[in-house]
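Trainee: Could you walk me through this model, one place at a time? I would like to understand the terms as we go.

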Amino acid sequence: MHEALKNAFCPSCNSSGVCEEEKCQNLQRLRIENARLKEEHERAVNFLTNYIGNPILPSVGTEPSTSAPGEQYLSQHWSTSVTHVDKSVIIETAVAAMNELMELLRVNEPVWFEAPSDHGRYTLRRDSYDMVFPKSNQVNTSSARFESSKDSGEVAMSATHLIEMLVDVNKWKEFFPTIVTKATTLEVIDTGIFGGLLHLMYQKMHILSPLVAPREFFFIRYSRQINSSTWVLVDVSYDFLTQLQDSVPTRSWRFPSGCMIQDISNGKSTVTWIEHVQVDDKLSTHRLYRDFVCGSQAYGAKRWITTLQRMCERFAFSNGLIATPTNELERVIESLEGKRNVMNLSQRMVESFFEVLCMSDKLDFPNPSEYQNSGVCVALRKSGGPHQPDGFIVSAATSLWLPFSKEHLFNFFQDEKRRAQSDVLSNGNPVTTVAHISTGTHPGNRISIIQPFVPKENKMVVLQESSIDSLGAAIIYAPMDLKALLSAVNGDDATKISILPSGFVISTDGRASRGTNGASTSSNTGSGGSLLTVAFQILICHNQLTTQLNMESVATVHTLISSTVKKIKAALDYYD
């Protein structure tokens, strides 16, 4: 082979092999190119493997748990820059997605048709859509399916302020805590003053139940100001993992989706939202949630709009834009700064609780049948930051169906006289609400400071936030040291206060919308029902974790959550 290369010549010029000097130059160029490619490959591998979130502690004697596929491949700090070729493709993809979204926002029939069971919600007519926007399938499995929806609503925030919130990845996550459990900007491709922002992003979305796996998307986000009062934000999946041989097959793909925000003065906006995805999750979705998820209700446009309306309302109340009666606070919280401090502390409690519910991809005890087939999911972790008690924490959650409306269940959990039937912290004793702060016009949307009656113990209070909207409700609470809460009330820094929340999440079951009039049942019982998730967290130790302590803690929290569910069913006079 070496001899053949030495004697090689170019047929076009009849010249013998290249000279040694030119050969060395060519080899040097190849080495440089090879080194560059190797460096890019290493950066890509680092990007795909470095990020695994907060470390989850494997339980003693069990196999280590695995995180969601996308998280295994994601680095919080994007370790490579986008090439010129990639950038041109990203820009081209973003512009095409923006054009498609604006066209879908503009038209209704025949591309969209109104869902017969839900007035005002539109679904894509696939044959019409495919004729206008032909695309190949992105999730190539036999069980893949499409979800599409369009909805609109009025939001209590100006368009300018709203777009500022939505393009900030941290505020985006804060505004949608019931949907978005993780969000990261991987690279800023282009910036502007709301005339055109282009980001490469990662997002993990969840349903508030341990029985439903999260959805993950790598996508381009492009926002643009259309005129003085209108902005459009579009998200579209971008697969920059395809060239990696060990990448996980795509199971979630977002076609052009997003929202148009139109300012209508008086500090309000009209928001029209479109969601359009292809997913393969039916087989992995628990049967309890299959109607809710596969019926485009779990991640549909209506959920985004409803959540946005609720959070904008909460934002207005927390910033004093809407006055609340002074007798609510009963002289406990006198300053606006103290009120805002408590609301921020409660918001952190809520976000922490929702993050814990994303357990399906990191269970340390993944087989619930080991525990009398009860369906209780248990996870063990080391405290992950300054906002949680230091030590090892056991989280346990379960979900169940109940034949009651969400309003009926919400009122049950809100009733102080019946709290002992569902709250283990009360230990069967009565409780008293010391003060509350309204977070919305509905009387159930509030933050409460609750004093449980515990003999010989007067240094503990319970911080609770309850919330309800047209799609669901939540009651989240955490025991707190009275001294720590008073410091927040007095306006001191509340970010250092550790908090370990538990609570209840209520959602519709996805079946009620099949009724003749399309309305969810509002009676106590009926053809429809609700899905209830119960979750507790317990700090088990501060030092070394032993196998015995591990299993004892699991048994304790399992018994706790199982007995709570039985008490709730008995209190509601429901026996399955």
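**A walk through the model**

Mentor: G258 counts as buried, because its relative accessibility is 4% and buried means under 20% relative accessible area, with exposed being over 50% and partly exposed in between (1.4 Å probe, protein chains only).

Trainee: Okay, and what should I know about the model and the numbering?

Mentor: This is a predicted model, in which local features need pLDDT of at least 70 and side-chain atom pairs count only at pLDDT 80 or more, while totals for chains, interfaces and linings use all residues. Residues are numbered from 1 along each chain as its sequence is written, and side-chain values use heavy atoms, with hydrogens and water left out.

Trainee: Where is G258, and what does G258 touch?

Mentor: G258 is placed in strand β9, where helices (H or I, at least four residues) and strands (E, at least two) are DSSP runs numbered from the N terminus. Leaving aside residues up to four places away in sequence, G258 touches L101, L233, V234, T272, W273 and I274, and a contact here means heavy atoms within 4.5 Å. G258 and Y222 are 36 residues apart in sequence, and their C-alpha atoms are 9.5 Å apart in space.

Trainee: How many helices and strands does the chain have?

Mentor: The chain has 13 helices and 18 strands, and 50% of its 576 residues count as buried. Among the contacts in the chain with a separation of 6 or more, 68% come from residues 24 or more positions apart.

Trainee: Let's try helix packing. At what angle do α9 and α10 pack?

Mentor: Helix α9 (residues 301-318) and helix α10 (residues 336-356) pack at about 150°, and their axes are 10 Å apart. Axes are lines fitted to C-alpha atoms, for helices over the stretch in contact, and angles run from 0 to 180 degrees between N-to-C directions. That angle makes α9 roughly antiparallel to α10, because angles over 145 degrees count as roughly antiparallel, under 35 as roughly parallel, 65 to 115 as roughly perpendicular and the rest as oblique.

Trainee: Which residues make that contact?

Mentor: On the α9 side they are M311, R314, F317 and S318, and on the α10 side K339, R340, M343, S346 and Q347. The residues of this contact of α9 with α10 divide into three nonpolar, three polar and three charged; Ala, Val, Leu, Ile, Met, Phe, Trp, Tyr, Cys and Pro count as nonpolar, Asp, Glu, Lys and Arg as charged, and the others, Gly among them, as polar.

Trainee: And how do α10 and α12 pack?

Mentor: α10 and helix α12 (residues 482-489) pack at an angle of about 125°, with their axes 7 Å apart, which means that α10 is oblique to α12. In this contact, G338, N341, V342 and L345 of α10 meet L485, A488 and V489 of α12. By class, the contact of α10 with α12 has five nonpolar, two polar and no charged residues.

Trainee: New topic: how many aromatic pairs are there?

Mentor: The count comes to 14 aromatic pairs, where rings of Phe, Tyr and Trp (its six-membered ring) pair if their centres lie within 6.5 Å, and planes under 30 degrees apart count as stacked, over 60 as edge-to-face and the rest as tilted. W172 and F176 form a tilted pair, with 4.9 Å from centre to centre and 55° between the planes. Ring pairs link W172, F176, W273 and W304 into a cluster.

Trainee: Are W172 and F176 buried or exposed?

Mentor: W172 counts as buried at 1% relative accessibility, and F176 counts as buried at 0%.

Trainee: Which charged end sits over the ring of W172?

Mentor: The charged end of R221 sits over the ring of W172, 3.9 Å from its centre; the rule asks for NZ of Lys or CZ of Arg within 6 Å of the ring centre and within 35 degrees of the ring normal. The charged end of K150 sits over the ring of Y122, 5.9 Å from that ring's centre.

Trainee: What about the backbone, say the bond from E109 to P110?

Mentor: Most residues other than glycine have a negative phi, and most peptide bonds are trans. The peptide bond from E109 to P110 is cis, with omega near 0°, and P110 lies in the loop between α4 (84-106) and β1 (112-114). S265 is not a glycine, although its phi is positive at about 65°, and S265 is partly exposed, with a relative accessible area of 46%.
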